[in-house]
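Visitor: I should like to be guided through this structure by question and answer. May we begin?

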Amino acid sequence: MPGVPSGRGCDACRKQKKKCDIESYPCSRCRRLNIPCIGHGQQRYKFKNETVVLTVAKRVTTTSFSLDQSPCINPTLSKTLSNGVSRLMSAFVNRISQDVDIRFQLPWNFGDYLIHLPRRLGISEALDAAVDALVTAHTFFCAGNLKPGREVLTKHAHCLTILRRDVADVHKARTSETLAAIMVTSITQLFVYPGQASGVTHTNGATRLLMSRGFAKPRDDFDKLLMLTLRGPVVFEALLTDNIQLSSHDWKMLIGGFPASIHDHVDGQWFACIAHVPDLIERSKAALLMHEPPSLNLLSLELEVRALLEDIRPIIAKSRDRWDSFDATAVPGVLSNHLQAHYPRSLAMALGVGIILNCMLSGLEGAGTAVCEESVLWSEEIVQLAEMCKIYRPLGSMAMLVVLRMAWCGAACAAAKERVESLLVEYGGFFGLTEETECGDLGSIQRRWTLQQF
């Protein structure tokens with residue numbers, strides 16, 4: 001959206017019209033006054049016009065309606081956004097700017113679909129309410145407030161009310177805007193209830209929406225980006241819990257919806273591997289609950305897991321080579337910072353996928369929770385990467401809350417497990433998580449991945 005760049009000073013200095021020390025965080029004035037340094041270093045934009053015109057033709061393409069299906073829309077009219085929506089756009093653009101510190105950056109951590117949301121504001125009341133709640137909650141969180149204020153809670157409650165209404169509407173529920181509102185609300189939930197940071201929220205509802213659409217082909221590029229982004233939380237929720245209930249056919253449809261380009265880089269390759277695991281767990285559960293001697297079903301499942309292990313090993317090697325050979329000086333500023341945070345995170349995730357597959361293989365072979373040497377080495381490497389990525393906490397390395405659970409299942413001795421637990425508490429502390437909430441589920445997760453709970 002067009003705008004004139006303004007200063008990067010913090011909100012407190014801007015309000016008092018004082019020069020802000022943007023070279024250090026917090027700035028010297030906020031440090032001296034002992035107040036939160038909110039908005040420090042963020043690029044802001046002054047919009048030339050307070051109203052933005054969106055043509056109805058563009059509006060129609062973003063929903064599930066066509067002109068002949070929606071006679072209430074007059075194609076000759078245009079929609080002029082209110083000043084309130086324009087202010088919301090401006091505030092959200094500041095929140096999602098690439099200039100925001102990677103420790104708090106939203107698109108880098110939750111998906112690039114957020115970058116496309118400003119132009120869709122003013123179309124859906126649910127999306128507007130979701131974005132408004134996210135802007136307020138993220139501002140509070142960046143200021144170091146683990147307990148949300150009354151304004152955050154009020155806006156989040158309003159968002160949930162509007163969202164429930166739209167989800168209950170058969171037409172609105174299938175629009176891209178409603179799906180985006182659910183995903184944005186899931187992010188807000190993290191800031192409203194930080195004690196749930198290691199879990200995934202609202203994913204089950206979004207999954208049901210995808211199923212109601214029959215995993216149909218995306219309607220446009222934005223819809224495609226939404227559906228691709230949502231697959232990540234769905235897969236990880238299904239790995240950790242029984243909340244996602246999909247049939248083998250549904251999993252095949254979900255995985256089959258990946259674009260062919262996902263296999264062009266290592267990040268897509270390890271994700272394509274792990275996307276098969278939830279269905280493998282459910283099919284293994286069904287086979288083991290038959291209470292019969294080892295069958296062809298179990299042998300077939302073991303062969304599938306072994307094939308995925310053969311796939312993930314070269315992916316881990318490529319991820320490791322990419323990180324080891326990375327030269328930060330050869331890449332321009334912001335991109336260099338992003339890659340320095342992304343490459344170790346991606347490597348850790350690939351290592352975690354390998355550990356899960358070894359856990360499953362151990363269970364299918366009847367070895368229980370025994371840990372193989374390969375997993376032990378991978379677990380130790382994840383711990384090293386987690387130590388390195390501490391500087392990107394809280395949001396920039398939030399994936400470690402999941403990856404460290406994988407590392408715990410790959411650790412062989414009590415001392416190694418205790419070190420992983422210590423890191424989990426360190427990472428979770430930024431979200432108000434305690435040792436009990438962070439480490440209480442580790443045993444059940446290991447039993448799930450080694451198929452012992454079945």
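Visitor: Is Cys159 buried or exposed?
Guide: The model is predicted, so local features need pLDDT of at least 70 and side-chain atom pairs pLDDT 80 or more, while totals for chains, interfaces and linings use all residues. Residues are numbered from 1 along each chain as its sequence is written, and side-chain values use heavy atoms, without hydrogens and water. Buried means under 20% relative accessible area, exposed over 50% and partly exposed in between, with a 1.4 Å probe and protein chains only. At a relative accessible area of 1%, Cys159 is therefore buried.

Visitor: How many disulfides does a search of the whole structure find?
Guide: A disulfide is a pair of cysteine sulfur atoms within 2.5 Å. For Cys10, the closest cysteine sulfur lies in Cys13 at 3.5 Å, which is too far for a bond. Across the whole structure, the number found is 0.

Visitor: Which helix gives the most to the largest nonpolar core?
Guide: A nonpolar core is a set of buried Ala, Val, Leu, Ile, Met, Phe, Trp, Tyr and Cys residues joined through side-chain atoms within 4.5 Å. The largest has 122 residues, and Trp449 is among those with the most contacts inside it. Helices are DSSP runs (H or I, at least four residues), numbered from the N terminus. With 16 residues, the greatest contributor is helix H15.

Visitor: How is H17 oriented relative to H18?
Guide: Axes are lines fitted to C-alpha atoms over the stretch in contact, with angles from 0 to 180 degrees between N-to-C directions. The two axes come within 9 Å and cross at roughly 170 degrees. Angles over 145 degrees count as roughly antiparallel, so H17 and H18 are roughly antiparallel.

Definitions and conventions. Helices (H or I, at least four residues) and strands (E, at least two) are DSSP runs, numbered from the N terminus. Angles under 35 degrees count as roughly parallel, over 145 as roughly antiparallel, 65 to 115 as roughly perpendicular and the rest as oblique.
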